[in-house]
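Let us walk through this complex together, going from the packing of a single helix out to the places where larger parts meet. Have the model open beside you as you read.

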Amino acid sequence: MTVVEQPSLTRGEPGTGYRVVGTSPAHHDFVDKVKGSLRYAADWRLPGMLAGRVVRSQVPCARIVSIDVTRARALAGVAAVLIAADVPSNRIVELASGGLAELEVAMPVLATGRVRYLGEPVALIAAASQQIADEAADLVSVEYEELPGVFDVETALADGAPRVHEAGNTLVTWEIHSGEVGTALAAADVVVEGEYRTQHVEHAYLEPEAGVGWVENGVVTLRVSTQVIDHAAAIAGILGLPLSKVRVIAAYMGGGFGGKEDMTVEPYLALLVWHTGRPVRMIWDRQESLLASTKRHPFIMRYRTGARSDGTITGQQVEILGDAGAYPCLSPRVLFAAAALACGPYRVPNARIVSSAVFTNNVPASAFRGFGAMQVVFGYESQMDMIAERLGLSRTEVRERNFLAKGDEIPTGERLATSVEVGESMRRALAMLGEPPQPSGPGKRAGRGVGCNRHPYGRAIWFRDRASAWLTLQADGTMLIRSGITDLGAGQAASLCQIAAEILGVPLDGISIYIGDSALNPPAGGTFATRQLYMSGNAVLKAARELRDRIAPVAAEMLGLPPGELVFADGTVSPRRRPEDVAATVSPSLTLAELAAACERRGVHTSHLSVWRAEAGSFDPRTGQGDTFPDYTYGTHAADVEVDVETGQVTVLRYAACHDVGRAINPMRVQGQLQGGAVQGLGYALTEDLAIEDGYPQSGLFASYLTPNSCDFPDVQVDVIESGEGKGPLGARGIGEPPIGNVAATIASAIHDAIGVRPTQLPMTPERVAALLDGPARRGPGGRDHPG
Amino acid sequence: MTMRNLLLAVNGRDHHVWAAPSASLLDVLHDELGLADVRYGCGEGVCGTCTVLLDGDPVSACLMLAVQAVGHQVVTLQGLMRPGGAMHPIQECFLRLGASQCGFCTPGMVLTALDLVRRCGRPTRDEIRYALVGNLCRCTGYTKILDAVEEYAAVAEPPGGESAAP
């Protein structure tokens, strides 16, 4: 059993001078969670509350001939049955890239005339109990005329393929070009080619989609499990109401992972509340969530990479096709991230990247932790391993030769503004594994793998992102933080408290934070794109510094010191201690309550709202050049595996992950992100597959969807680099998404090392690995070029 | 649907509840008794978020009818709290070791782990893994949960000791 590195829990990082940042205190949400007292979206009850239910299409591609709801409406206890005609504005137009390059295709709230995937909402029911709502759903009679559909991207792109939408089956194509890739590949000493395929994946947050809605003072109010309260605008549009008449409150989520970035229950709940005038609760059951919630995009990736004989990459050509499913959702952005990150953490002087999102009659794919920048890691890292193999170099040597460095240009023409510690992360990840693995017996092969990545944090630069935060120092020295941030469960709100506490010296238990309310909180944008520590963290830092700068002169005057000589810590303001002051027994100081009272007397306002803006820029989709993402997080994973040559079963023996997080605001939570991301990635690599055949899911049961359990994988050893170079608060980088990215590539690398054959399709199930073993590997051992 | 009046013993107190014969124990605990620490996660008995102790044994409340709990002692996570709102030592361990992220799986994890430690005293890390196999977590990757249960087992009294009682 491997040893877990424990974080430093009591003191800040030595030498940083921080008191609160760099420690791992248990925050408000943590205590509620272990007591079981946190109220999630479904844990809300109002008098007269109805149960809501979505009636969904049972065929993947059809014309709706008729819908008959008379029997459902007549059932005792049914308050409302709604169809498309009852929706004031039945069009959701999501231009996910901001309209830069994609087709404009509308998604109906409730299907009208056609259904395009199995599970598409057709009608809504509100009833006195869930049981009555379920019975009424069975009484909605829909007559379908089935039409030929397309269920994979290659068929969808073929000449004469049925069109999912009139506008065409290609939602968007992104192209990024730099240099002369044809010339570079022709002149290369070695060219390696690979095709890689990935699967539909389920988010499988343990809290299913849920929410409660009601009308209060004429405002449709929804308290839901969502990453994005800004959907209030879309909901108002659907209802035909002014935005001031819709309020969205985000409960602390029981996980989201991108699956609660698009709207889930919101439009349906809002329609039922608006039509009935009564409170409604809607909970998607797990089987409904499996059937109809958005998924991770299956990708087909074709890579051609050229290198010199010393391993230096000269050019890379990448073609990516992503299965968007039946509606756009966030596919344009996902496939953009895939294109922008397709070359990974390597210098590629000549590149040609083409990345398309393609409509099919499958369930829509959208955001999922990793967001397109994850699938491509399997592609680019497999290519690196192949170059090493072809040239007889070690896998680490080839990577070291090509790692990006600060100041280098990437294929979009941008220069990297912050340090690139990917080489250090690779050395540390491999060091954690120790001695190379040995097979446990006959019929077993052992191998070691490594996978590096570059993952963006923050929204694409052309969105001109911003976040605001509002801090109030109260009369008794306690503090309120108000922020529109939503909390996925990773401690998004808690990190803001630590940053404010660091700057203003308010003890953590004296801070209350109010989040996720579109009416009462200043806007912070959604919790996605690994953006909240970067964006709202910077907003809180800026607000806290500005508030301190405003009140510090009052304290300075009272203490008879220059404002720059003050230290805000532990609930007091005191003089900065110089070494010669250490012997002094008493130094004058003020409590924050005394300072707040003094500010009140002098008319100095102790409440402050601040907006932080990310850098602005633009991207030209015609040239594929311009500004893409603000910055990146780099890291490496390493793993030892054992393969059973009879069954193809892959056992992960040891697993290690190291990322540069810039600065660990809360080391315990950073570790949690690395460990949790790695295990989620192990599911993606080895077991998880939401199999869909001709538009029909192969299983409707959670029991058939293999998310990792406590026995499946070893402990994840973690190490964290703190370069202090991130663009987040106090030099932090985002770490929410990055640690899921490396895993599939790392495990594929280890399997190849063990058996000498490279997996190119996910998940790497025993059946698939056994099929690889039926090739040349059975005849001789693999196990070459151990890295490290 | 004919409702029946059920006498349920939950967290050391008796409750009279009106429930349909088809109502699950989960729905009655969550919606009728307001115990938000017993959570719907899958309805298949796969994820473990609705775990409660029935006469001390962990069971999935989504797979039981409420009527089946009549005559038995039901304990939910809230039933572990000490007088004055103090946490049970196993909750302290989960808190200290960062064994909770989104927190949705935490009540089920804690109850299953508590049962294991009561039965086994000092389980090995692999025994803890085996015992928690029916409680899924999608956030933590399990490492910190295993750390927390190991730590609790180290501080808990041997099986049968007073401190193990809820």
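Two residues are in contact if their C-beta atoms, placed from the backbone, lie within 7 Å. Helices (H or I, at least four residues) and strands (E, at least two) are DSSP runs, numbered from the N terminus. This is a predicted model, in which local features need pLDDT of at least 70 and side-chain atom pairs count only at pLDDT 80 or more, while totals for chains, interfaces and linings use all residues. Residues are numbered from 1 along each chain as its sequence is written, and chains are lettered from A and ligands numbered from 1 in the order in which they are written.

A good place to start is helix H3 of chain B, residues 106–120. The expected span of a helix is 1.5 Å times one less than its number of residues, so the 15 residues of H3(B) should cover 21 Å, and its end C-alpha atoms are indeed 21 Å apart. A residue is called buried if 20 or more other C-beta atoms, placed from the backbone, lie within 10 Å of its own (exposed if 12 or fewer, partly exposed in between). Since 11 of the 15 residues of H3(B) are buried, the helix is largely enclosed by the rest of the structure. Among the buried ones are B:Met109, B:Val110, B:Leu111 and B:Leu114. What do the buried residues of H3(B) pack against? Their partners are H1 of chain A and, from chain B, strands S3 (51–54) and S4 (57–60) with helices H2 (89–96), H4 (125–131) and H5 (143–155). After H3(B) comes B:Gly121, with a positive phi near 75°.

Now step out to the contact between the chains, which takes 44 residues from chain A and 40 residues from chain B. On the chain A side, helices H1 (28–35) and H16 (667–686) are the elements that give two or more residues, and H16(A) provides the largest share, 7 residues.

Chain A itself is divided into domain 1 (50–147 + 202–292), domain 2 (299–412 + 419–460 + 621–779) and domain 3 (466–613), with bounds from an automatic or database domain assignment. Between domain 1 and domain 2 of chain A, 27 residues of the former are in contact with 30 of the latter.

Finally, how confident is the predictor? The complex has an ipTM of 0.95 and a pTM of 0.95. For chain B, the mean pLDDT (the predictor's confidence in each residue, from 0 to 100) is 94. Residues 161–166 of chain B, however, stay under 50. Where pLDDT is low, the predicted coordinates should not be read in detail.
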